[in-house]
Amino acid sequence: MQLDKNKPEKISNEEIVKIIELARWAPSGDNSQHWSFHWDGELLRVFVDKQRAEHILNPDDVCTYYAMGCLFEYIEAAALKYGYKAKLKYIDNDDLFAEYQFAECPADSGYIDSLCKRYTDRRYYKNKAVTENIINKCHNLAGKFEGIQLYFKTDKKYPEKFLDSFIKAEQFLWHKFKNLNFILQWMRLSKKEFQESSDGLSYGNLGINFIDALNLKLTRLYPFLYPLMRPFVLFKIAYNTKRYLREGAGLFTITVSDLTNNQQKIGVGRLGTQIWSYLNSEDISVQPMTSLVMQIYYFNQGNLAQAFDLNNIEYIQGAEDIFKKIYEIPSEEQLAWQFRFGYSEPVTKAMSIKRRDVDEMLNIS
Ligand SMILES: Cc1cc2nc3c(=O)[nH]c(=O)nc-3n(C[C@H](O)[C@H](O)[C@H](O)COP(=O)(O)O)c2cc1C
């Protein structure tokens, strides 16, 4: 590859805008896009928007670190497309998360092109296995991360206890109205709501149908309907979760040696993004399933009951042990992030979910 001789030596404001235009497509929990940027001609500062990042499934900002890792992958890959190596300085002081400087290098758009085809698929997947070769490629990606391991579960044999804790963890929203209400703020439950917002999840990509969306909308409007809706929704979530586990190609989990190490959490986000976009490039769909691992996290911190306002947290007791057993994860490793994956309908929905405008998240001075 050649350096572009006509290119000015320093990165321009226009190029920064183009980089952020692409970086915006990084995944974030509930599509909350909890970041903003400032460019002063030398440094690109990356800020965390703590208010946007606040989430019941984000204890101690664990998921914020994963998402920032995803974002770093996008920024660096986008810079490469325009012929710059983005050099990261990790800061993590208050809102200021990191700073980037840019140095010229040969342009390569391969990785960002594949990242831009990445997306979350919440549909049912086909009952078709993925080849060993593809799984090995994922392991090769994981091999580059220190302290981080990757495990696949493809035999789809799940003991009752695992199934039960997985289902109950996915039903977490419906345990209490206050939990549901928290997430409802990120749901865009009609065409109008979706069109008028540039973040959150529309019912089109939540994997729910029109009736479900209507029920949720009514519950949001009239909370007294919640006890009436609850049994139907719990049934549907249980049905879906069982089906997700029975069909598709299986699950994979990323573990770390130390979940208090922020670099490792950022690494989890980076690796997650790399595997996710690689699998999507092979027409294999991916959906993160963060709920169970985060509830195990809360439980280990001793505050699951408090966070979820629950009297009965039996479903999570022993869940970590059985989780590790079925994946053959050594007991000293810590569960970080879990996904399901498998073949689905063709990957044509890439980038269909909205993002905030560049103007809203990038400040230039
Ligand atoms: C840290 C993190 C956790 C996530 N957890 C879940 C999850 O539990 N279930 C889910 O369906 N999607 C989950 N997502 C996917 C996001 O909702 C999705 O990335 C976002 O809405 C943007 O959509 P896209 O991935 O299609 O671009 C998670 C994403 C991140 C970064």
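Two strands count as paired if DSSP finds at least two bridges between them. The exercises below apply this criterion, and others, to a predicted model.

**Exercise 1. Determine the strand order of the open four-stranded sheet and identify which strands stand at its edges.**

Solution.
Step 1. The four strands of the open sheet follow the order β5-β8-β10-β9, and their pairing is antiparallel.
Step 2. Strand β5 (148–153) and strand β9 each have a single partner strand and therefore stand at the edges, with one side of each left without a neighbour in the sheet.
Step 3. From one strand to the next, the twist averages 25 degrees.
Step 4. For the pair β5 and β8 (residues 250–256), six antiparallel bridges are found. Within this pair, Leu150 lies opposite Ile254 of β8.

**Exercise 2. Describe how strand β1 is paired with β2 and with β11.**

Solution.
Step 1. Strand β1 (residues 35–39) pairs with β2 (residues 44–48) over five bridges, in the antiparallel sense. Ser36 has Phe47 of β2 as its bridge partner.
Step 2. The connection between β1 and β2 is a hairpin with four intervening residues, and Gly41 in the turn has a positive phi of about 95 degrees.
Step 3. With β11 (residues 362–364), β1 shares three bridges, and here the strands run parallel. Phe37 is placed opposite Leu362 of β11.

**Exercise 3. Classify the packing of helix α5 against helix α12 and characterise the contact.**

Solution.
Step 1. Two packed helices are described by the angle between their axes and the distance between the axes.
Step 2. Helix α5 (residues 132–142) packs against α12 (residues 262–281) at about 155 degrees, the axes being 10 Å apart.
Step 3. Angles over 145 degrees count as roughly antiparallel, so α5 is roughly antiparallel to α12.
Step 4. The crossing of α5 and α12 is right-handed.
Step 5. Helix α5 contributes Lys137, Cys138, Leu141 and Ala142 to the contact, while α12 contributes Leu271, Gln274, Ile275 and Tyr278. By class, the residues of this contact are six nonpolar, one polar and one charged.

**Exercise 4. Place helix α15 relative to the sheet, then classify its packing against helix α6.**

Solution.
Step 1. Helix α15 (residues 319–327) lies across β5, β8 and β10 (334–343), at about 75 degrees to β5.
Step 2. Helix α6 (residues 160–170) packs with α15 at an angle of about 120 degrees, with 9 Å between the axes.
Step 3. This angle makes α6 oblique to α15, since the range counted as roughly perpendicular is 65 to 115 degrees.
Step 4. The crossing of α6 and α15 is left-handed.
Step 5. On the α6 side the contact is made by Lys161, Phe162 and Ser165, and on the α15 side by Ala319, Ile322, Phe323 and Ile326. Five of the contact residues are nonpolar, one is polar and one is charged.

**Exercise 5. Describe the shell of residues around the ligand and state which helix gives the most to it.**

Solution.
Step 1. The ligand is surrounded by 19 residues, the closest being Pro27, Asn31, Tyr119, Thr120 and Thr290.
Step 2. Helix α3 (62–81) and strand β9 (284–288) each supply at least two residues of the shell. The most is given by α3, with four residues.
Step 3. The shell divides into ten nonpolar, seven polar and two charged residues.

Note on methods:
Residues numbered from 1 in each chain as written. Predicted model: local features only at pLDDT ≥ 70, side-chain atom pairs only at ≥ 80, totals over all residues. Axes fitted to C-alpha atoms, helices over the stretch in contact; angles between N-to-C directions. Parallel < 35°, antiparallel > 145°, perpendicular 65-115°, else oblique. Left-handed = near helix turned anticlockwise from the far one by under 90°. Contact = placed C-beta atoms within 7 Å. Nonpolar A, V, L, I, M, F, W, Y, C, P; charged D, E, K, R; others polar. Near = placed C-beta within 6 Å.
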